[in-house]
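I open these notes with a plain aim, which is to look up the overall form first and single residues afterwards.

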2 protein chains.
Amino acid sequence: GMFPVQIGRLHESITWLKSIFTSLSGYITVGVLDTFINRPALGILPPENFSERLKESLLSVAPKGLPQVMTMACGSCSNENAFKLIFMWYRNKERGRNNVTKEELESCMINQPPGCPDYAMLSFMGGFHGRTFGCLATTHSKAIHKLDIPSLDWPIAPFPRLKYPLEDFVKENQQEEARCLEEVEDLIVKYRKKKKIVAGIIIEPIQSEGGDNHASDDFFRKLRDIARKHGCAFLVDEVQTGGGCTGKFWAHEHWGLDDPADVVTFSKKMMTGGFFHKEEFRPNAPYRIFNTWLGDPSKNLLLAEVIRVIKREDLINNAAHAGKALLTGLLDLQARYPHLISRVRGRGTFCSFDTPNDATRNKLITIARNKGVVLGGCGDRSIRFRPTLIFKDHHAHLFLNIFSDILANFK
Amino acid sequence: GMFPVQIGRLHESITWLKSIFTSLSGYITVGVLDTFINRPALGILPPENFSERLKESLLSVAPKGLPQVMTMACGSCSNENAFKLIFMWYRNKERGRNNVTKEELESCMINQPPGCPDYAMLSFMGGFHGRTFGCLATTHSKAIHKLDIPSLDWPIAPFPRLKYPLEDFVKENQQEEARCLEEVEDLIVKYRKKKKIVAGIIIEPIQSEGGDNHASDDFFRKLRDIARKHGCAFLVDEVQTGGGCTGKFWAHEHWGLDDPADVVTFSKKMMTGGFFHKEEFRPNAPYRIFNTWLGDPSKNLLLAEVIRVIKREDLINNAAHAGKALLTGLLDLQARYPHLISRVRGRGTFCSFDTPNDATRNKLITIARNKGVVLGGCGDRSIRFRPTLIFKDHHAHLFLNIFSDILANFK
């Protein structure tokens, strides 16, 4: 047999886990429970059934055109490693058929180019992509996320500030989106001139922490085209929007892209972090994208069950339907209380509205909480909805009735 | 009751989890199982019993002088967030009683100083601290970890290259360590002159990925003094060394520091990532060190059991004892096969030796594997031991017998 010099398990004599293990032998397979009590170094010693677990969980909901998946332990690590994937891909494009040079191998050890090239990710003002060092250089939502942490000179483009109701400001909003796209192209060119290469563009389908800021499907299609035109990877961060709440499993499926995104990151409701990517982004050698845990197989198991329930109970369509009831109700409240509610917007149940100011927003959240409704804030003065997928029309009406009373009595 | 607008649970109708839940009601409490099937946003909605779980797990093994703990999802996130903690602490020292300025709040949003100050962590050549962006700027172990990823101009000091056997090179090794410490001070001064402030120093008690490089306890005590003298935080990365394998729960406990480290990071065998820190490093406002999951309470539950077993079976002393058997045996093999084995070194079972070159090392690893022994490589040409804590003297002898045969027949 195998002599366990290397492997770091320590659960052999863990008594209560053993007792669960014994008691469950009639109910579930050994492989399932083992997944919960043993944390493997996934990249080196995956559990026997892990590729099956990926097929029944993440790969069963892979965005079209992105057949490759990698799991990670959290949302920040997902974006950090997606950046690395993009930088490696970009450098390999530049390198062509040439080998890695000795100079590259030596200079990278001391953080210097050419081994550590002066590449950048382009991000958007108001975006949030996580709080670790690389992610944080692309996050521009609130000062508390960024203050006192050294950062990088990476380009930051404006995100469209749409006027609502959308149907009254069609032309203005088109102009606003065109202005932002033009700025993206200008930044790519400007940074290349100073020898800082934009290797990728990162964007959320709906800027969430930054205030539930939306842009049109047309804006995102054009942005995708700009990325391709300039040879940049297009990374869609679905950490907050993914999982069905917008009325599609992935929010970016609303856009109708001809050419898929290159990389899509996820976490939160997906139970595990990670990213999907195109074949051509696959690292050209093993261990280039790697860490000890690379996620946690027990979370894939939970996700597989979540997806089974989503399909069985048609919860994506449910989110689309319940979201309409919620949005319609919010628009009605906006018409009745325009001094308290403005800019009602949403996709599926991923809805939000603005309040006049931070103080009013916080007061509304507190009053609602005291009546049993948990609401969340985002941006400067927005209130956002993030209900579970089992939120139905009658939950929307229950909320709308309570909130209508709150607004009627608000002083 | 509470109306669940915000919380993202989806396990209510997960059938097999329900069946486990029902079947276990006679064996374990509801709170325990809930921990495994529900992944909370720990910073906002920790489970009721979470402070108890921290006390029985992480806080029961806190290094002396570090009463505060924060959990994280992995080793990289632990170091990334420890850096952030240090940068915030350093900036608050500089700021004194002054308030954060409007200029800081505005400039940080676009990655610029003064809001994002030009701070740095000093690291050591050969060190490994993770692969996300901030960590990677302090990692200098192998080119494959770093190639093609943009980095930062942060100072990198030499790590002592000790000569073995230690007793034959006392004076040379003292000189080597003094040279490295002098370089640390020179780098701090040199970087301050170019307005890049070294806010902290990060080091592993034994450089692991980099080749199991050791330094003397005296070296680390002096390094701690240098950090204090220059106002830098002293961060000890115990991601690979922590958990008992060196013969103490934390490897840095061997040093006998008068003034404890400021921050100690952990992950891997601790089942969860995170860090301990001194009171004075506590962030001055909530949500400054934050992310959605902030770890995973189910891992604290596993860790509590691991620690209970470690204590019950006296596994730390076991590691010290078995480590001696292993090291003595390796020294004997070194004496008999000096053309194959050199620089035998170790603390507890955290042992290693050098082979003549990469090819010989890999051949030895393959032959051993075919005889049922899993060995790992590190550095250019080292073989390292990372057995479980239940590795006993007889396992050491079993290994030594097999490996002695391998060496005798090696061609």
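The entries below go from a whole chain to its core, and then to particular residues.

**Entry: chain A as a whole.** I note at the outset that this is a predicted model. I looked up the secondary structure of chain A and found 13 helices and eleven strands. I then turned to its dimensions: the C-alpha trace of chain A spans about 75 × 65 × 40 Å along its principal axes. The radius of gyration of chain A is 23 Å, which agrees with the value near 22 Å that a compact globule of 411 residues would have. I also recorded that 61% of the 411 residues of chain A count as buried, and that, among contacts in chain A with a separation of 6 or more, 72% are between residues 24 or more positions apart. For the surface, I have about 16,300 Å² exposed by chain A, with carbon and sulfur atoms supplying 53% of it.

**Entry: the core.** Which residues have the most contacts inside the largest nonpolar core? I find that this core has 177 residues, and that A:Phe124, A:Phe219, B:Phe124 and B:Phe219 are the ones with the most contacts inside it. Following B:Phe124 further, and leaving aside neighbours within four places in sequence, I see contacts that include B:His140, B:Ile156, B:Val184, B:Ile201, B:Phe219 and B:Leu223. As a general point, nonpolar side chains tend to be buried together in soluble globular proteins.

**Entry: two buried residues.** I looked up B:Leu162 in the loop between strand 3 (156-157) and helix 8 (170-193) of chain B. B:Leu162 counts as buried because its relative accessibility is 7%, under the 20% cut-off. Apart from neighbours within four places in sequence, B:Leu162 is in contact with B:Asn173, B:Glu177, B:His214, B:Ala215, B:Ser216 and B:Arg343. The last of these pairings caught my attention, since B:Leu162 and B:Arg343 are 181 residues apart in sequence and 9.1 Å apart in space, C-alpha to C-alpha.

I next took A:Thr360, which is found in helix 12 (residues 358-370) of chain A. A:Thr360 is buried, with a relative accessible area of 13%, and A:Thr360 touches A:Leu340 and A:Phe410 when residues up to four places away in sequence are not counted.

**Entry: a nonpolar patch on the surface.** Finally, I noted that A:Ile44, A:Leu45, A:Tyr287 and B:Ile144 form a nonpolar surface patch, with about 370 Å² of accessible area together. B:Ile144 lies in helix 7 (residues 143-146) of chain B, and B:Ile144 counts as partly exposed at 35% relative accessibility.

Notes:
Residues are numbered from 1 along each chain as its sequence is written. Chains are lettered from A and ligands numbered from 1 in the order in which they are written. This is a predicted model: local features need pLDDT of at least 70, side-chain atom pairs count only at pLDDT 80 or more; totals for chains, interfaces and linings use all residues. Side-chain values use heavy atoms; hydrogens and water are left out. Patches are made of residues with over 30% relative accessible area and no salt bridge: like charges are joined within 9 Å, nonpolar side chains (Val, Leu, Ile, Met, Phe, Trp, Tyr) within 5 Å. Accessible areas come from the Shrake-Rupley method with a 1.4 Å probe; for residues, only the protein chains shown count as cover. A salt bridge is a side-chain nitrogen of Lys or Arg within 4 Å of a carboxyl oxygen of Asp or Glu. Helices (H or I, at least four residues) and strands (E, at least two) are DSSP runs, numbered from the N terminus. Buried means under 20% relative accessible area, exposed over 50%, partly exposed in between (1.4 Å probe, protein chains only). A nonpolar core is a set of buried Ala, Val, Leu, Ile, Met, Phe, Trp, Tyr and Cys residues joined through side-chain atoms within 4.5 Å. Contact means heavy atoms within 4.5 Å. The radius of gyration is taken over C-alpha atoms; the globule rule is 2.2 Å times the number of residues to the power 0.38.
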